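Please open the model in your viewer and keep the sequence panel beside it. The stops below say what to select and what is to be found there.

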Amino acid sequence: MLWVLFVIILPFLGIFIYLIARGGKMHERAATQAARQQHSLDATIQEAAGTSSVDELAKLADLKAQGVLTDTEFQAQKAKILA
């Protein structure tokens, strides 16, 4: 009967304690990895499309000149491209 406690209950208790102690860090690492993957995917798509930051900024400037974008929207998109 005591073996049942060690074989079944104790592993679950150990996993539960581990998740409480390290659970927050696991989420942070997963979020960081997802951000890196997204950045890599964006770079790959941009490279495949043949557009560069300069091209994108030129398009944004044209849209602003045409009045499609406000100055605030232009600055926000510009910051996104340069980031």
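How many of the 83 residues of the chain, as a percentage, count as buried? In this predicted model, the share that counts as buried is 5% of the 83 residues.

**Whole chain**

Begin with the whole chain selected and its C-alpha trace displayed, which spans about 80 × 30 × 15 Å along the principal axes. The radius of gyration of the chain is 25 Å, whereas a compact globule of 83 residues would have one near 12 Å. If you then colour by secondary structure, you should find three helices and zero strands, in the order α-α-α as the sequence is read.

With a surface switched on, the accessible area of the chain comes to about 7100 Å², and 66% of that area belongs to carbon and sulfur atoms. Colouring the charged side chains next will bring up 8 positive and 8 negative ones, with the centres of the two sets lying 13 Å apart.

**Helix H1**

Select residues 2–49, which make up helix H1, and pick out Thr44 within it. Thr44 is partly exposed, at a relative accessible area of 47%. A distance drawn from the C-alpha atom of Thr44 to that of Val68, 24 residues away along the chain, should read 28 Å.

**Helix H2 and the residue after it**

Move on to residues 53–66, the 14 residues of helix H2, and compare the length with what is expected: at 1.5 Å a residue the helix should span 20 Å, and its end C-alpha atoms are indeed 20 Å apart, so the two values agree. Just after H2 comes Gly67, where the backbone takes a positive phi of about 90°.

**The salt bridge**

Now show the side chains of Lys64 and Asp71, which meet in a salt bridge with an N to O distance of 3.1 Å; the structure holds one salt bridge. How far are the two partners covered, given that partly exposed stands for values between 20% and 50%? Lys64 is partly exposed, with a relative accessible area of 34%, and Asp71 also counts as partly exposed, at 43%.

**Helix H3**

Finish with residues 71–82, helix H3, where Gln75 has its place. The relative accessible area of Gln75 is 39%, so this residue is partly exposed. As a last step, draw a line from the C-alpha atom of Gln75 to that of Phe6: the two residues are 69 residues apart in sequence and 61 Å apart in space.

How values were computed:
Residues numbered from 1 in each chain as written. Predicted model: local features only at pLDDT ≥ 70, side-chain atom pairs only at ≥ 80, totals over all residues. Heavy atoms only, no water. Helix = DSSP H or I, 4+ residues; strand = E, 2+ residues; numbered from the N terminus. Rg over C-alpha atoms; globule rule 2.2 N^0.38 Å. Buried < 20%, exposed > 50% of the residue type's maximum accessible area, 1.4 Å probe, protein only. Areas by Shrake-Rupley, 256 points an atom, 1.4 Å probe, with all protein chains shown as cover. Lys, Arg positive; Asp, Glu negative; His and termini not counted. Charge placed at Lys NZ, Arg CZ, Asp CG, Glu CD. Salt bridge = Lys/Arg side-chain N within 4 Å of Asp/Glu carboxyl O. Expected span 1.5 Å × (residues − 1).
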